[in-house]
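Open the model in your viewer and show side chains as sticks. The tour below goes from one group of charged residues to the next.

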Amino acid sequence: MNTINIESLDLNLFKVFEALYEEGSASRAALRLGITQSAVSAALGRLRKIYGDPMFERTGRGLRPSRRAEELKPIVSEALNRCRQSLALAQREQAEFEGRTLVLGWSDDYEIALARQLINRVAEAYPGLRLIFRQIHSRIAAGMLMNRMVDLAVTSGSGNSAALSKELVGVNGYACVLDFAPPTGELTLSDYTQLQHILISSGGVVGIVDEVLAELGLKRTVEAAATHFSAVPYLIKGSRSIVTLPSHAAQAMATMFDLRLVHCPIALPDYPIELSWRTDSLRDPAVAGVRNILRELLKAIPPNVAAQF
């Protein structure tokens with residue numbers, strides 16, 4: 001790597017780096033920054049010389065960051081966000097968050113149920129602040145927070161670290177969604193075990209439902225498994241299949257896609273809803289503010305929405 005003195009370095013290169021990393025394309029980075037694509041390419045050439053690394057490699061779908069770029073991204077974004085925060089000291093009555101991006105990690109059941117409300121609340125309270133939603137699960141949440149890949153995380157449990165804080169904001173249960181009326185009007189245990197099931201799982205074809213049924217000496221038939229909750233309406237609409245979901249997602253899907261929401265005929269255990277963040281990040285008013293909004297939305301989730309129908 002070339003020896004570079006920061007006094008001689010154009011700090012705008014770091015804005016180009018951040019845009020290239022987040023957009024994955026020189027043309028989109030140029031649009032985001034309001035400069036020409038040739039200027040972006042020139043900046044990338046200078047970054048490559050400074051760090052002695054390709055930084056980004058072309059693929060069939062755009063630019064892929066190198067390992068060095070992956071290492072640099074949290075450091076660069078943290079530094080830029082500190083600079084953006086400092087501007088708030090000089091313009092308290094103006095929009096203080098223009099150009100800021102906050103990354104929230106959660107699974108898409110929460111995204112389906114709460115994302116629009118969160119977007120609206122953040123736009124009103126913190127104009128100019130962009131939200132990025134990233135799919136995560138409990139096993140990877142702590143690592144993504146520590147590596148600054150996400151700023152906040154919503155999970156059903158995560159690892160412990162002295163550098164992380166977490167709060168139990170509620171508990172949630174399950175409900176069933178289907179596109180037909182059960183024969184008796186209510187979903188019986190016999191109906192439930194005889195139907196074809198769609199499973200949402202990060203891997204495998206055994207879920208909490210199968211574990212509880214096994215304790216009762218029963219089993220079900222899983223006809224298909226998907227990794228994302230957003231696929232559910234398209235998999236069961238017009239069919240005689242059923243899916244068992246976290247209740248907040250079940251309610252949102254039933255409302256949006258004119259599906260039937262019913263009680264699950266087996267007693268499934270409730271699970272915790274945890275909100276996590278890097279402890280030192282609360283010095284950032286954007287993180288602190290969005291955390292507070294998100295906490296309110298999560299606490300408003302009823303543990304069993306099917307009981308309302």
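## Salt bridges, stop by stop

Select Glu 18, Glu 22, Glu 23, Arg 32 and Lys 73: in this predicted model, a network of salt bridges links these residues.

Within that network, zoom in on Arg 32 and Glu 22, whose side chains form a salt bridge with an N to O distance of 2.8 Å. Arg 32 belongs to helix H2 (residues 26-33) and Glu 22 to helix H1 (residues 12-23), and the two are 10 residues apart. Colour by accessibility: Arg 32 is partly exposed, at 25% relative accessibility, and Glu 22 is partly exposed at 25% as well.

Next, select Lys 299 and Glu 167. Their side chains meet in a salt bridge, 3.8 Å from N to O. This pair links distant parts of the chain, with Lys 299 in helix H11 (residues 285-299), Glu 167 in strand E6 (residues 164-172), and their positions 132 residues apart. Are these two residues buried or exposed, or in between? Lys 299 is partly exposed, with a relative accessible area of 49%. Glu 167, at 19%, counts as buried because the cut-off for buried is under 20%.

Move on to Asp 210 and Arg 220, a salt bridge in which the closest N and O atoms are 2.9 Å apart. Asp 210 sits in helix H8 (residues 208-215) and Arg 220 in the loop between H8 and strand E9 (221-226), so the bridge ties together parts 10 residues apart in sequence. Both Asp 210 and Arg 220 are buried.

To finish, display every salt bridge in the model: the count is 17.

Key:
Residues numbered from 1 in each chain as written. Predicted model: local features only at pLDDT ≥ 70, side-chain atom pairs only at ≥ 80, totals over all residues. Heavy atoms only, no water. Salt bridge = Lys/Arg side-chain N within 4 Å of Asp/Glu carboxyl O. Helix = DSSP H or I, 4+ residues; strand = E, 2+ residues; numbered from the N terminus. Buried < 20%, exposed > 50% of the residue type's maximum accessible area, 1.4 Å probe, protein only.
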